[in-house]
Amino acid sequence: MHVSTDTKTMYLLLRNELEIKQLHELIFKRNKVGRHPRWKYFTEDRLNGVKLGFRPNFPTAKFNVWLSFNGYSNGSTLLRDIFVLIPIERWMVKRLDIAFDSNLPYHQQHAIHPPKKATVDHYSPTSVYMGKRRSSIQLAHYDKQRERGEKRGLVTDAWVRAELRYRFPSMKKVADLKPDDFAAAKGYQIITDLSGMPDNLREMVIQLNRGSKVGGMDWESVTRAAQRKIREYGSAQGVNLHDLILSTLEIIDIGAFIYTPPLKQLGELSS
């Protein structure tokens with residue numbers, strides 16, 4: 001599975017008058033300023049999914065700058081200029097989505113219900129969400145190919161995404177994030193290919209993928225013995241998402257994992 005970061009929401013407390021002046025001169029004056037109900041100064045790179053807001057006297061002492069960007073945002077010159085002015089290591093992370101992509105069809109995969117109690121919602125026959133939207137972690141497992149086709153009219157090869165959505169209520173600086181901060185993923189496993197499962201378990205898992213709302217079944221209706229066998233199979237043949245995160249952070253630091261500008265932009269910065 002390919003591992004990357006997707007949606008990121010970050011904040012910053014900016015009090016240095018020189019940096020505030022540079023923010024206006026280098027960012028807001030060089031880009032189209034729009035209107036936002038929450039931020040006095042707001043600009044965005046809509047094509048690349050980047051949004052930046054600043055409010056000098058925000059009603060909290062924790063931050064006054066907001067930044068949101070996505071997995072496809074790395075080529076944005078606006079994002080590059082922001083991180084040249086204020087290095088990514090200084091930003092505080094509120095939300096961080098980690099995506100795990102594979103190219104087998106959705107019906108051949110299965111996200112195993114985590115050991116802890118978690119709400120499970122099926123919003124379509126090809127999507128399941130485990131955990132509440134505002135929880136510290138939520139897993140979304142869905143057919144990315146179908147989503148892109150329905151929302152943007154784009155046709156791709158088979159593309160299924162498992163997405164762990166982390167939320168840090170107290171927020172942490174990127175420079176302070178450690179592997180332990182992602183430990184909540186330990187209980188999440190994906191079976192990436194059901195073809196090797198015993199027939200009775202495979203049929204049960206196919207029904208779980210559908211969910212009871214569309215004629216399938218829910219995890220609570222599976223016997224404990226069957227739950228154990230599904231988890232055992234996942235441990236032996238599936239993928240532990242926490243292990244994938246740790247192996248990724250062994251070869252790339254967290255700042256580069258969150259944002260890496262294209263080589264072309266790196267060349268522009270060094271010239």
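**Exercise 1. Strand β5 and its partners**

Which residue in β5 is the bridge partner of T9? Once you have that, work out how β5 is paired and how enclosed it is.

*Solution.* Keep in mind that this is a predicted model.

Step 1: Start from T9, whose bridge partner in β5 is S68.

Step 2: Now zoom out to the strands. β1 (residues 2-12) and β5 run antiparallel and are joined by five bridges.

Step 3: Look for another partner. Strand β4 (residues 50-54) is also antiparallel to β5, with four bridges between them. One pair to find on screen is F54 with V65 of β5.

Step 4: Check burial, where the cut-off is under 20% relative accessible area. Five of the five residues of β5 (residues 65-69) pass, so the strand is largely enclosed by the rest of the structure.

Step 5: Split the strand by face. V65, L67 and F69 sit on one side, W66 and S68 on the other, and with all of them buried both faces are covered.

**Exercise 2. A three-stranded sheet**

Find the order of the strands in the open sheet that contains β12, and explain why β7 and β13 each have one side without a neighbour.

*Solution.*

Step 1: Trace the sheet: the order is β7-β12-β13, and the pairing is antiparallel.

Step 2: Go to the edges. β7 (110-111) and β13 (239-240) each have a single partner strand, so one side of each lacks a neighbour in the sheet.

Step 3: Take a closer look at β7 and β12 (residues 189-191): two bridges hold this antiparallel pair together. In one of the pairings, A111 is matched with I190 of β12.

**Exercise 3. A histidine in a loop**

Decide whether H113 is buried or exposed, then describe its surroundings.

*Solution.*

Step 1: Locate H113, which lies in the loop between β7 and β8 (120-124).

Step 2: Its relative accessibility is 6%, so H113 counts as buried.

Step 3: List the contacts, skipping neighbours within four places in sequence: A118, V120, M130, W219, E220 and R231.

Step 4: Pick out the polar one with A118. A polar atom of the H113 side chain is 3.3 Å from the backbone oxygen of A118.

**Exercise 4. The whole chain**

Sum up the fold in a few numbers.

*Solution.*

Step 1: Count the elements: eight helices and 13 strands.

Step 2: Of the chain's 271 residues, 48% count as buried.

Step 3: Take contacts between residues at least 6 apart in sequence; 67% of these join residues at least 24 apart.

Step 4: Finish with charge: there are 42 positive and 29 negative side chains, with the centres of the two sets 8 Å apart.

How values were computed
Residues are numbered from 1 along each chain as its sequence is written. This is a predicted model: local features need pLDDT of at least 70, side-chain atom pairs count only at pLDDT 80 or more; totals for chains, interfaces and linings use all residues. Side-chain values use heavy atoms; hydrogens and water are left out. Buried means under 20% relative accessible area, exposed over 50%, partly exposed in between (1.4 Å probe, protein chains only). Contact means heavy atoms within 4.5 Å. Lys and Arg count as positive and Asp and Glu as negative; His and the chain ends are not counted. The place of a charge is taken as NZ of Lys, CZ of Arg, CG of Asp or CD of Glu. Two strands pair if DSSP finds at least two bridges between them. A polar contact is a pair of N or O atoms within 3.5 Å; within protein, one must be able to donate a hydrogen and the other to accept it, and residues adjacent in sequence count only if both atoms are side-chain atoms.
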